[in-house]
Amino acid sequence: MVLVLIGIAVGVLIVAVLIIKAFKTPSREVVGMDIHCKKCGIKTNGLACPKCEKGSQSFGV
């Protein structure tokens, strides 16, 4: 019986945190991905940057 009460309390706590996060998140934000490259600022739409990727080492290949 005690485990059931602990499970219910944890579930209610998780739901409360998720509801608070839902209210604090802006309505236009769908996915948390970067549209621009952090190094050079070019628009990448969440993909790997073609400018910065060229300079990376690929283990001698």
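**Notebook: His 36, the cysteines and a nonpolar patch**

I began with His 36, which counts as partly exposed at 45% relative accessibility. I note at the outset that the model I am reading is a predicted one, and that I keep to computed values throughout.

I then looked up where His 36 sits, and found it in the loop between H1 and helix H2, the latter spanning 50-54. Leaving aside residues up to four places away in sequence, I listed what His 36 touches, and the list consists of Gly 41, Ile 42, Lys 43 and Thr 44. For Gly 41 I could be more specific, since the side chain of His 36 reaches the backbone oxygen of Gly 41 at 3.5 Å. I also checked His 36 against Cys 49, and the two are 13 residues apart in sequence while their C-alpha atoms lie 8.5 Å apart in space.

Next I turned to the cysteines. I asked myself how many disulfides there are by the distance rule; the count comes to 0 disulfides. Cys 40 is in no disulfide, and the nearest cysteine sulfur, which belongs to Cys 49, is 3.6 Å away. Because a disulfide requires a pair of cysteine sulfur atoms within 2.5 Å, I left that pair uncounted. Cys 52 is likewise in no disulfide, with the sulfur of Cys 37 as its nearest cysteine sulfur at 3.7 Å. I looked up the accessibility of both residues as well: Cys 40 is partly exposed, with a relative accessible area of 38%, and Cys 52 counts as partly exposed at 24% relative accessibility.

I moved on to the surface, where Val 2, Leu 3, Ile 6, Val 10, Ile 14 and Leu 18 form a nonpolar patch whose accessible area together is about 610 Å². I took Ile 14 as one of its members to follow further, and placed it in helix H1, which covers residues 2-24. Ile 14 counts as partly exposed, at 48% relative accessibility.

Last, I recorded the totals for the chain. What secondary structure elements are there in the protein chain? I found 2 helices and 0 strands. Of the 61 residues of the protein chain, 5% count as buried, a class that I take as under 20% relative accessible area. The accessible surface of the protein chain comes to about 6000 Å², and 68% of that surface belongs to carbon and sulfur atoms.

Note on methods. Residues are numbered from 1 along each chain as its sequence is written. This is a predicted model: local features need pLDDT of at least 70, side-chain atom pairs count only at pLDDT 80 or more; totals for chains, interfaces and linings use all residues. Side-chain values use heavy atoms; hydrogens and water are left out. Buried means under 20% relative accessible area, exposed over 50%, partly exposed in between (1.4 Å probe, protein chains only). Patches are made of residues with over 30% relative accessible area and no salt bridge: like charges are joined within 9 Å, nonpolar side chains (Val, Leu, Ile, Met, Phe, Trp, Tyr) within 5 Å. Accessible areas come from the Shrake-Rupley method with a 1.4 Å probe; for residues, only the protein chains shown count as cover. A salt bridge is a side-chain nitrogen of Lys or Arg within 4 Å of a carboxyl oxygen of Asp or Glu. Helices (H or I, at least four residues) and strands (E, at least two) are DSSP runs, numbered from the N terminus. Contact means heavy atoms within 4.5 Å. A polar contact is a pair of N or O atoms within 3.5 Å; within protein, one must be able to donate a hydrogen and the other to accept it, and residues adjacent in sequence count only if both atoms are side-chain atoms.
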